Amino acid sequence: MPEFTYTSGTRKFTRTRNSLNKSSFTLTNATSVGASFSLSKYGSVQFKAVSGSAYIKPEMLIVQCSNTGSTPTSLVVRITKDSAGDECIVPDTSGALSVGLTNDQNVTAVYQIGLPYVDKTTPAASFYLFFKTDTGTVDVDYADLYTTVVTF
């Protein structure tokens, strides 16, 4: 669809689009996640602007796990801009693990982020997800990040 631009006098108006997007983290060694962060167990996702620039604001994160060991009750996540886990955009956040109704080895944690972090993406930005349990272990099956994306 062609970009619509309206110019009148000294003000320029450009049409923007807001959308809620789902992005799935690519997981690396996300099995037997224990009670401490590990640089070798993480997820990564890359955002690319379709055209021009885009502003990205993380809204919600859903993490599905299985194979629980020693009954963990919460999962702590951290989202960073770097693979070393040092440049946080979402600080350590604990989410209760909801146990499956038919299988107590399947657990889910949901996080409402909604922080005012906005990243101008040209041409791409990467986010890294690190996780740890309060006790015991889990296998992380998938992690989906929902973001508001504004393109202009």
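Start with strand 10, residues 107-112, where the side chains alternate. Val107, Ala109 and Tyr111 point to one face and are buried. Buried here means under 20% relative accessible area, exposed means over 50%, and partly exposed lies in between, with a 1.4 Å probe and protein chains only. Thr108, Val110 and Gln112 point to the other face and are not buried. Strands are DSSP runs of E, at least two residues long, numbered from the N terminus.

A word on what we are looking at. This is a predicted model, with residues numbered from 1 along each chain as its sequence is written. Local features need pLDDT of at least 70, side-chain atom pairs count only at pLDDT 80 or more, totals for chains, interfaces and linings use all residues, and side-chain values use heavy atoms, with hydrogens and water left out.

On confidence, then. pLDDT is the predictor's confidence in each residue, from 0 to 100. The chain has a mean of 87, and 80% of its residues reach 70 or more. Among the elements of the chain, strand 10 has the highest mean, 98. Strand 1, residues 5-8, has the lowest, 52. Where pLDDT is low, the predicted coordinates should not be read in detail.

Back to strand 10 and its partner. Strand 9, residues 98-99, runs antiparallel to strand 10, and 2 bridges join them. Two strands pair if DSSP finds at least two bridges between them. Ser98 stands opposite Thr108.

Now the open sheet. It has 5 strands in the order 4-5-12-7-8, with antiparallel pairing. Which strands stand at the edges? Strand 4, residues 26-28, and strand 8 do. Each has a single partner strand, so one side of each is left without a neighbour in the sheet. Neighbouring strands are turned by 20° against each other on average, direction ignored. The axes behind that angle are lines fitted to C-alpha atoms, for helices over the stretch in contact, and angles run from 0 to 180 degrees between N-to-C directions. Strands 4 and 5 pair in the antiparallel sense over 3 bridges. Thr26 stands opposite Ser44 in strand 5.

Next, the loop between strand 4 and strand 5. Asn29 lies there, and its phi is near 50°, a positive value in a residue other than glycine. Ser32 is in that loop too. Ser32 is partly exposed, at 43% relative accessible area. Ser32 and Gly136 are 104 residues apart in sequence, yet 8.7 Å apart in space, C-alpha to C-alpha. Contact means heavy atoms within 4.5 Å. Leaving aside neighbours within four places in sequence, Ser32 contacts Lys41, Thr137, Val138 and Asp139.

A second positive phi sits in the loop between strand 6 and strand 7, at Thr71. The value is near 40°. Thr71 counts as exposed, at 64% relative accessibility. Most residues other than glycine have a negative phi.

On to the core. A nonpolar core is a set of buried Ala, Val, Leu, Ile, Met, Phe, Trp, Tyr and Cys residues joined through side-chain atoms within 4.5 Å. The largest one has 26 residues, and Leu61, Val63, Leu75, Ile79 and Phe127 touch the most other members. Elements giving two or more residues to this core include strand 6 (54-69), strand 7 (74-80) and strand 12 (124-133). Beyond neighbours within four places, contacts of Ile79 include Leu61, Phe127, Leu129 and Leu145.

Last, the cysteines. How many disulfides are there? The count is 0, taking a disulfide as a pair of cysteine sulfur atoms within 2.5 Å. Cys65 is buried, at 0% relative accessibility. Cys88 is partly exposed, at 40%.

How values were computed
Helix = DSSP H or I, 4+ residues; strand = E, 2+ residues; numbered from the N terminus.
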